[in-house]
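This report looks at how a helical fold can be described from its elements, its packed interior and its empty spaces. The structure is shown first, and the description follows.

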Amino acid sequence: MKTKIKNAVLSKVNTVGLPIIALSFVCFFWGTTWIASKEGVKYMPALQLAGIRQFIGGFLYVCYFLFKKTPWPKGKQWQTILILSVLNFVLSNGLSTWGVKYISSGLGAIINAVFPLWIVIITIFRGEKLVRLAVFGLIISFGGVCVIFYDHLSDFLNPDFRFGILLSIMATITWAFGSLYTKKKAASFNPYFSLGLQMLISSFILLAVTGATGTGVNIASIPANSWWAISYLVIIGSVLTFIAFIYMLQKLPPEINSIYAYINPIIAVLLGALVFGEPLTIAIAIGGGITLCGLYMVNYSMRKARI
């Protein structure tokens with residue numbers, strides 16, 4: 001009986017394909033991390049939460065590869081790892097985590113999804129030509145964002161809301177620079193080991209900042225809710241989902257693996273409404289749909305340009 005069940009499961013996996021399963025995992029669970037971050041920052045400083053999360057996640061990665069006796073990076077590989085740790089984890093992850101302290105998790109996820117627009121804008125400033133579809137997608141996405149914020153116009157009178165929006169936008173810009181730098185400096189070094197080192201380095205920086213500014217709280221005074229959020233973010237967000245993410249990038253074509261960018265914010269918005277009672281208005285639904293359509297056009301045109 002056990003053999004039959006095992007064979008049936010393996011057959012199903014082979015039919016669907018591990019890369020597609022990895023993509024589905026990323027699509028759903030990265031969307032849930034916005035909810036966990038929102039819950040965690042209710043009770044402790046956001047940068048400290050991000051620092052602890054990345055320290056534990058990075059420590060687990062590094063210990064595993066040390067156990068496997070994986071060679072350490074050499075020479076300029078350290079420079080790449082250091083720069084990416086700052087761009088992707090200190091700034092992008094740290095600022096986006098801080099941002100959801102002041103805005104809804106769904107809104108934070110939607111803002112995070114527009115990072116390809118910054119890649120297009122950076123490309124324009126670098127003097128590279130863009131196809132019309134990319135420009136058209138950029139305009140459509142901007143229109144969608146305007147529709148989303150229609151219901152939040154009065155919220156801009158709140159300085160905390162403005163600060164949260166600013167932090168979230170800055171996080172997307174740094175992620176865009178990190179993505180471009182990764183593409184330019186892609187190394188042959190083990191990407192999983194590199195990821196762990198980036199997390200670990202960034203955690204030292206984030207925890208040093210919270211310590212130096214006196215904004216951190218005593219470890220013993222962190223409530224259980226935040227520890228549960230951190231545990232979820234480490235196991236699901238920093239370890240399992242990142243492994244699935246890198247795996248799907250290696251196995252699936254770009255036009256398929258980019259789907260996660262459109263589904264993550266939808267998951268975050270729906271769960272935010274369900275768990276925290278965050279507003280799910282017509283403006284958010286329509287504006288989110290318009291924004292994601294524009295993002296698809298941008299991504300599609302960028303993929304075509306690389307062919």
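A residue is called buried here when its relative accessible area is under 20%. By that cut-off, buried residues make up 48% of the 307 residues in the protein, in a model that is predicted.

**Elements**

The protein contains 13 helices and zero strands, so that no element other than α appears in the run from the N terminus, α-α-α-α-α-α-α-α-α-α-α-α-α. Among contacts with a separation of 6 or more, 91% join residues that are 24 or more positions apart. Helix 9 can serve as an example of one element: its 23 residues reach 33 Å from the first C-alpha to the last, close to the 33 Å expected at 1.5 Å a residue. Just after helix 9, Gly-214 takes a positive phi of about 70°.

**Nonpolar cores**

The largest nonpolar core has 39 residues, and those with the most contacts inside it are Val-26, Tyr-61, Leu-195, Phe-242, Phe-245, Met-248 and Tyr-260. At least two residues of this core come from each of helix 2 (18–40), helix 3 (46–67), helix 4 (76–99), helix 9 (191–213), helix 10 (224–251) and helix 12 (260–275), and helix 10 gives the most, with nine residues. A second, separate core holds ten residues, including Ile-111, Phe-161, Val-269 and Ile-284.

Which residues does Phe-242 contact, once its neighbours within four places in sequence are left aside? Phe-242 is then in contact with Trp-30, Tyr-61, Phe-89, Tyr-192, Leu-195, Met-199 and Gly-237.

**Cavities and a pocket**

Rolling a probe the size of a water molecule over the atoms shows where empty space is left. A search of the whole structure finds two cavities of 30 Å³ or more, and these are set out below with the second largest pocket.

| Space | Volume | Lining residues by class |
|---|---|---|
| Largest cavity | about 450 Å³ | eleven nonpolar, nine polar, one charged |
| Second largest cavity | about 70 Å³ | six nonpolar, three polar, one charged |
| Second largest pocket | about 340 Å³ | 15 nonpolar, one polar, no charged |

The largest cavity is lined by 21 residues, of which Trp-30, Thr-33, Trp-34, Asn-93 and Asn-112 lie nearest its centre. Two or more lining residues come from each of helix 2, helix 4, helix 5 and helix 12, with the largest share, six residues, supplied by helix 4. Trp-30 therefore takes part in two descriptions, since Trp-30 is in contact with Phe-242 and is also among the residues nearest the centre of the largest cavity.

The second largest cavity has a volume of about 70 Å³, and of the ten residues that line it, the closest to its centre are Ser-104, Gly-106, Leu-107, Pro-279 and Ile-284. Helix 5 gives the most to this lining, with three residues. Ile-284, named here, is also included in the second, separate core.

In the second largest pocket there is about 340 Å³ of space. Of its 16 lining residues, the closest to the centre are Val-114, Leu-117, Trp-118, Phe-142 and Val-145. At least two lining residues come from each of helix 5 (105–113), helix 6 (115–125), helix 7 (132–148) and helix 8 (159–184), and the largest share, five residues, comes from helix 7. Helix 5 thus contributes to this pocket, while the second largest cavity also takes residues from helix 5.

Definitions and conventions:
Residues are numbered from 1 along each chain as its sequence is written. This is a predicted model: local features need pLDDT of at least 70, side-chain atom pairs count only at pLDDT 80 or more; totals for chains, interfaces and linings use all residues. Side-chain values use heavy atoms; hydrogens and water are left out. On a 1 Å grid over the protein atoms alone, a cavity is a set of points where a 1.4 Å probe fits but cannot get out, and a pocket is an open set with protein on both sides within 12 Å along at least five of seven lines; lining residues have an atom within 4 Å of a point. Grid points are joined across faces, edges and corners, and a volume is the space filled by probe spheres set on the points. Helices (H or I, at least four residues) and strands (E, at least two) are DSSP runs, numbered from the N terminus. Ala, Val, Leu, Ile, Met, Phe, Trp, Tyr, Cys and Pro count as nonpolar, Asp, Glu, Lys and Arg as charged, and the others, Gly among them, as polar. A nonpolar core is a set of buried Ala, Val, Leu, Ile, Met, Phe, Trp, Tyr and Cys residues joined through side-chain atoms within 4.5 Å. Buried means under 20% relative accessible area, exposed over 50%, partly exposed in between (1.4 Å probe, protein chains only). Contact means heavy atoms within 4.5 Å. The expected span of a helix is 1.5 Å times one less than its number of residues.
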